[in-house]
Amino acid sequence: MQALLKFSKAVDGLNTQIGKYVIWLILASTVISAVNAIVRKAFNVSSNAYLEVQWYLFAATFLLCAAYTLLNGEHVKIDVIYTHFSKRKQMWIDIFGFAFFLTPFCLAILWYGVPFFLKGYQSGEVSSNAGGLIRWPVYAMIPLGFSLLLLQGWSELIKRLAFLQGLIEDPTHKKIEKTPEEELAEAIQKLAEEKAAKAHAA
């Protein structure tokens with residue numbers, strides 16, 4: 001199990017780093033969208049390439065960050081019954097889901113997604129829109145994204161099995177960390193309180 005936990009830790013580290021950097025693609029997509037809109041309004045010039053690169057960046061963000069989202073337990077859940085079970089039962093439900101739903105789903109996507117990407121790459125497929133981009137880079141995000149999601153699913157499965165054996169703490173427990181905005185708000189509030197205290201003392 002220790003070897004599996006090392007594998008799990010490596011996968012978690014990989015997807016953490018990918019998530020931290022890929023998230024910047026959202027900013028890039030936003031900037032491109034804004035520039036494209038300004039140029040179109042100001043100079044009446046536009047390009048399908050700019051529109052498509054926004055879609056590419058969004059697709060890359062969504063697919064490459066799916067594993068990072070799973071790692072942090074941020075996927076949308078509708079826990080009507082699940083939350084009423086004991087922690088051990090919840091772990092077994094998760095294990096069943098990762099083993100018999102997530103794994104086969106990811107493998108099926110990879111089974112069809114890899115040939116789809118290779119076909120687009122070998123043919124040099126280009127968008128049918130005038131001035132459009134080549135398609136294979138965005139096709140590559142499908143096998144890459146689902147490979148990362150599959151690895152993260154296995155990592156989560158390993159952690160839950162390890163928890164049931166008493167080897168690690170609850171992997172679903174979220175450590176609450178203050179955001180930079182919350183820290184700034186607290187600093188401002190503390191400063192205001194100190195000023196108020198000095199004014200009252202004077």
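This dialogue goes through the cysteines and one helix pair in a predicted model.

Reader: How many disulfides are there in this model?

Author: A disulfide needs two cysteine sulfur atoms within 2.5 Å. By that rule the count is 0. Cys65 takes part in no disulfide, and its nearest cysteine sulfur, that of Cys106, is 15 Å away.

Reader: Why is Cys106 without a bond to Cys65?

Author: The reason is distance: the closest cysteine sulfur to that of Cys106 is in Cys65, and 15 Å is too far for a bond.

Reader: Is Cys65 buried or exposed? And Cys106, buried or exposed?

Author: Buried means under 20% relative accessible area. Cys65 has 7% relative accessibility, so it counts as buried. Cys106 has 0%, and therefore counts as buried.

Reader: Now the helices. At what angle do H1 and H6 cross?

Author: An angle between helices is taken between their N-to-C directions. Helix H1 covers residues 2–22 and helix H6 residues 136–164; their axes cross at roughly 135° and come within 9 Å. At that angle H1 is oblique to H6, because angles over 145 degrees are needed for roughly antiparallel. The crossing of H1 past H6 is left-handed.

Reader: Which residues make the contact between H1 and H6?

Author: On H1 they include Leu4, Phe7, Val11, Asp12 and Ile18. On H6 they include Leu148, Leu151, Trp154, Glu156 and Lys159.

Reader: How many nonpolar, polar and charged residues does that contact have?

Author: The contact of H1 with H6 has 11 nonpolar residues, together with 4 polar and 3 charged ones. Among the nonpolar names to look for are Leu5 and Leu14 of H1, and Ile158 and Ala162 of H6.

Methods:
Residues numbered from 1 in each chain as written. Predicted model: local features only at pLDDT ≥ 70, side-chain atom pairs only at ≥ 80, totals over all residues. Heavy atoms only, no water. Buried < 20%, exposed > 50% of the residue type's maximum accessible area, 1.4 Å probe, protein only. Axes fitted to C-alpha atoms, helices over the stretch in contact; angles between N-to-C directions. Helix = DSSP H or I, 4+ residues; strand = E, 2+ residues; numbered from the N terminus. Parallel < 35°, antiparallel > 145°, perpendicular 65-115°, else oblique. Left-handed = near helix turned anticlockwise from the far one by under 90°. Contact = heavy atoms within 4.5 Å.
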